[in-house]
Amino acid sequence: MIYKCIIKPVFDCCFAFILLSLLIPIILVLLFLLFLQNNGSPFFSQSRPGKHGKLFTIYKLKTMRDTCNDSGELLPDHQRTTPIGSVTRKLSLDELPQLWNVLKGDMSFVGPRPLLREYLPLYSKEQEKRHEVKPGITGWAQVNGRNTISWKQKFDHDLWYIQHQSFILDIKILGMTLTKFFKTQDVNASSQTTMEAFNGNN
């Protein structure tokens with residue numbers, strides 16, 4: 001309880017501040033390049049449910065253009081992804097602005113990933129428990145398959161994490177995340193896989 005309520009929030013805030021300070025040159029370079037490739041729009045922001053389902057604005061680097069077909073519908077992801085955006089996404093650098101979300105207290109470094117607000121009415125009572133903790137930049141589901149696993153497996157991993165949350169487990173997840181980051185092939189495979197939409201049954 002002390003770890004969850006005191007130690008983890010303090011760690012999140014301090015570590016996010018340190019990382020933002022160290023990575024700001026990289027972030028600025030990416031912002032400039034994505035600004036040029038996305039017609040002046042380097043950020044992607046979206047409303048997502050956080051702890052207790054409270055909505056917050058999540059920030060990412062924008063890796064795709066808003067290009068539409070003749071019917072006004074967005075083209076497939078692979079057709080809209082910019083060259084810089086592709087590299088940024090493969091290396092998961094598009095997640096860097098979420099350090100600001102952690103610093104603000106909306107997110108944690110480790111926790112269930114924040115999903116779309118449209119999914120809120122579709123959750124079962126058991127699945128709703130994923131909102132008992134802050135969402136994370138990485139989590140148990142991310143280091144155990146990310147977008148390559150089923151929705152059931154993803155929710156099972158999220159709920160398992162909530163039941164077993166501890167300092168040791170968080171350190172393990174952060175370590176596994178770094179390992180996958182340096183194994184570029186694994187990162188590429190998972191980051192380029194698009195998860196099918198959740199409909200409450202899958």
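**View 1. Cys 68 is partly exposed, at a relative accessible area of 38%.** Cys 13 is also partly exposed, at 36% relative accessibility. Here buried means under 20% relative accessible area, exposed over 50%, and partly exposed in between (1.4 Å probe, protein chains only). The model is predicted, so local features need pLDDT of at least 70 and side-chain atom pairs count only at pLDDT 80 or more, while totals for chains, interfaces and linings use all residues. Residues are numbered from 1 along each chain as its sequence is written, and side-chain values use heavy atoms, without hydrogens and water. Why does Cys 13 form no bond with the closest cysteine sulfur? That sulfur belongs to Cys 14 and lies 5.6 Å from the sulfur of Cys 13, which is too far for a bond. A disulfide is a pair of cysteine sulfur atoms within 2.5 Å. The count by this rule is 0 disulfides.

**View 2. The protein chain combines 7 helices with 4 strands.** Helices (H or I, at least four residues) and strands (E, at least two) are DSSP runs, numbered from the N terminus. Their order along the sequence is α-β-β-α-α-α-β-β-α-α-α. The C-alpha trace spans about 50 × 40 × 30 Å along its principal axes. A compact globule of 202 residues would have a radius of gyration near 17 Å, and the 17 Å of the protein chain agrees. That radius is taken over C-alpha atoms, and the globule rule is 2.2 Å times the number of residues to the power 0.38. Of the 202 residues, 39% are buried. Contact means heavy atoms within 4.5 Å. Among contacts with a separation of 6 or more, 68% join residues 24 or more positions apart.

**View 3. Asp 12 is buried in helix α1.** Its relative accessible area is 5%. Which residues does Asp 12 touch, leaving aside its neighbours within four places in sequence? They are Val 102, Ser 108 and Phe 109. Asp 12 and Val 102 are 90 residues apart along the chain, yet their C-alpha atoms are separated by 6.5 Å.

**View 4. Ile 24 sits in helix α1, which covers residues 2-37.** Is Ile 24 buried or partly exposed? Ile 24 counts as partly exposed, at 40% relative accessibility. From Ile 24 to Phe 167 the C-alpha distance is 27 Å, with their positions 143 residues apart in sequence.

**View 5. His 52 occupies the loop between β1 (43-49) and β2 (55-61).** Its phi is positive, at about 60°, although His 52 is not a glycine. Most residues other than glycine have a negative phi. His 52 is exposed, with a relative accessible area of 67%.

**View 6. The loop between α3 (83-90) and α4 (98-104) holds Ser 92.** Ser 92 is another residue other than glycine with a positive phi, near 60°. Glu 95 lies in this loop between α3 and α4 too. Glu 95 is buried, at 12% relative accessibility. What does Glu 95 contact, leaving aside its neighbours within four places in sequence? Its partners are Lys 60, Arg 113 and Arg 146. Pro 114 is 19 residues from Glu 95 in sequence and 12 Å away in space, C-alpha to C-alpha.

**View 7. The protein chain carries 24 positive and 17 negative side chains.** Lys and Arg count as positive, Asp and Glu as negative; His and the chain ends are not counted. Each charge is placed at NZ of Lys, CZ of Arg, CG of Asp or CD of Glu. The centres of the two sets lie 4 Å apart. The protein chain exposes about 11,200 Å², and carbon and sulfur atoms supply 62% of that area. Accessible areas come from the Shrake-Rupley method with a 1.4 Å probe; for residues, only the protein chains shown count as cover.
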